[in-house]
Structures are given as C-alpha cells and as structure tokens.
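Me: I should like to go through the helix packing in this model, and then its pocket. Shall we begin with the helices?
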Amino acid sequence: IIAERERQITQEGWTAGHDAEHTEGQLAMAAACYAFDAVAIPTIDAKRFIFDNWPWSRKWWKPTPDDTIRQLTKAGALIAAEIDRRQKAKK
C-alpha cells in the first residue's frame, strides 16, 4: 500500500495538495469502488454500482481484474490518502 501511494504521487501526480481538493469523500469512494470490484462477482449490477459511485471521469478507472491483490492495494492507498487529507485538514 505504501509503494502504491508513492506511485500515485510520483507517477500520477496525485500529491497531498491535489488530494486536498477532494473534500467530498471522493478518495474514500474511489477506494470503495476498487475494493468492491476486487470481491464482487462480475455482473452488470456490480459494474453499475461501481460507475454510479466512481467519483471521477471513467478514464481514471483503471481496474486490474485479474489481480485482486492489486485492486485492494489501490483501495488501501486511496484510503491512506483520504486519512492523510483529513488529518491535514484538521491542522
């Protein structure tokens, strides 16, 4: 999870400053979508749930359906980003 968070920052550019702009729970919702996708039986309803709750443009949805551990790692890194964002917002 730590390595994925670092990758998000260095390769994707999703810095703490960028994360601070997402004040409506978007990081946590994105994490939930990746986690759900990792465990859900692939159905039309499962995909509908994901796309109804994915907080950003679909171009940013980058699942790895053949690697559920990778999916959960992405979810964990997004949760870590949300926790960091909330802690910094309290200061």
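Reply: Certainly. In this predicted model, the axes of H3 and H5 come within 8 Å and cross at roughly 165 degrees.

Me: Which orientation does that give H3 relative to H5?
Reply: Angles over 145 degrees count as roughly antiparallel, so H3 is roughly antiparallel to H5. The crossing of these two helices is left-handed.

Me: Which residues make that contact?
Reply: From H3, the contact uses Leu 27, Ala 28, Ala 30, Ala 31, Tyr 34, Ala 35, Asp 37 and Ala 38. H5 contributes Thr 68, Gln 71, Leu 72, Lys 74, Ala 75, Leu 78, Ile 79, Ala 81, Glu 82 and Arg 85.

Me: And by class, how do the residues of the contact of H3 with H5 divide?
Reply: There are 12 nonpolar, 2 polar and 4 charged residues in the contact of H3 with H5.

Me: Let us turn to H1. At what angle do the axes of H1 and H5 cross?
Reply: They cross at roughly 70 degrees and come within 8 Å. H1 is therefore roughly perpendicular to H5.

Me: What does each helix bring to that contact?
Reply: H1 brings Glu 4, Arg 5, Arg 7 and Gln 8, while H5 brings Arg 70, Thr 73, Lys 74, Ala 77, Leu 78 and Ala 81. The contact of H1 with H5 has 3 nonpolar, 2 polar and 5 charged residues.

Me: How do H3 and H4 pack?
Reply: H4 spans residues 44-53, and H3 packs with H4 at an angle of about 170 degrees, the axes being 9 Å apart. That angle makes H3 roughly antiparallel to H4. On the H3 side the contact has Met 29, Cys 33, Phe 36 and Asp 37, and on the H4 side Ala 46, Lys 47, Phe 49, Ile 50 and Asn 53. These comprise 6 nonpolar, 1 polar and 2 charged residues.

Me: Now the pocket. How much space lies in the largest pocket?
Reply: About 350 Å³ of space lies in the largest pocket.

Me: Which residues lie nearest its centre?
Reply: Of the 19 lining residues, Trp 14, Tyr 34, Trp 56, Trp 60 and Leu 78 lie nearest the centre of the largest pocket.

Me: Which helices each supply at least two residues of the lining?
Reply: Helices H1 (2-10), H2 (16-19), H3 (26-39) and H5 (68-90) each supply at least two residues.

Me: Finally, what is the lining made of by class?
Reply: The lining of the largest pocket has 8 nonpolar, 3 polar and 8 charged residues.

Conventions:
Residues are numbered from 1 along each chain as its sequence is written. This is a predicted model: local features need pLDDT of at least 70, side-chain atom pairs count only at pLDDT 80 or more; totals for chains, interfaces and linings use all residues. Side-chain values use heavy atoms; hydrogens and water are left out. On a 1 Å grid over the protein atoms alone, a cavity is a set of points where a 1.4 Å probe fits but cannot get out, and a pocket is an open set with protein on both sides within 12 Å along at least five of seven lines; lining residues have an atom within 4 Å of a point. Grid points are joined across faces, edges and corners, and a volume is the space filled by probe spheres set on the points. Helices (H or I, at least four residues) and strands (E, at least two) are DSSP runs, numbered from the N terminus. Ala, Val, Leu, Ile, Met, Phe, Trp, Tyr, Cys and Pro count as nonpolar, Asp, Glu, Lys and Arg as charged, and the others, Gly among them, as polar. Axes are lines fitted to C-alpha atoms, for helices over the stretch in contact, and angles run from 0 to 180 degrees between N-to-C directions. Angles under 35 degrees count as roughly parallel, over 145 as roughly antiparallel, 65 to 115 as roughly perpendicular and the rest as oblique. A crossing is left-handed if the near helix is turned anticlockwise from the far one by less than a right angle, and right-handed if clockwise. Contact means heavy atoms within 4.5 Å.
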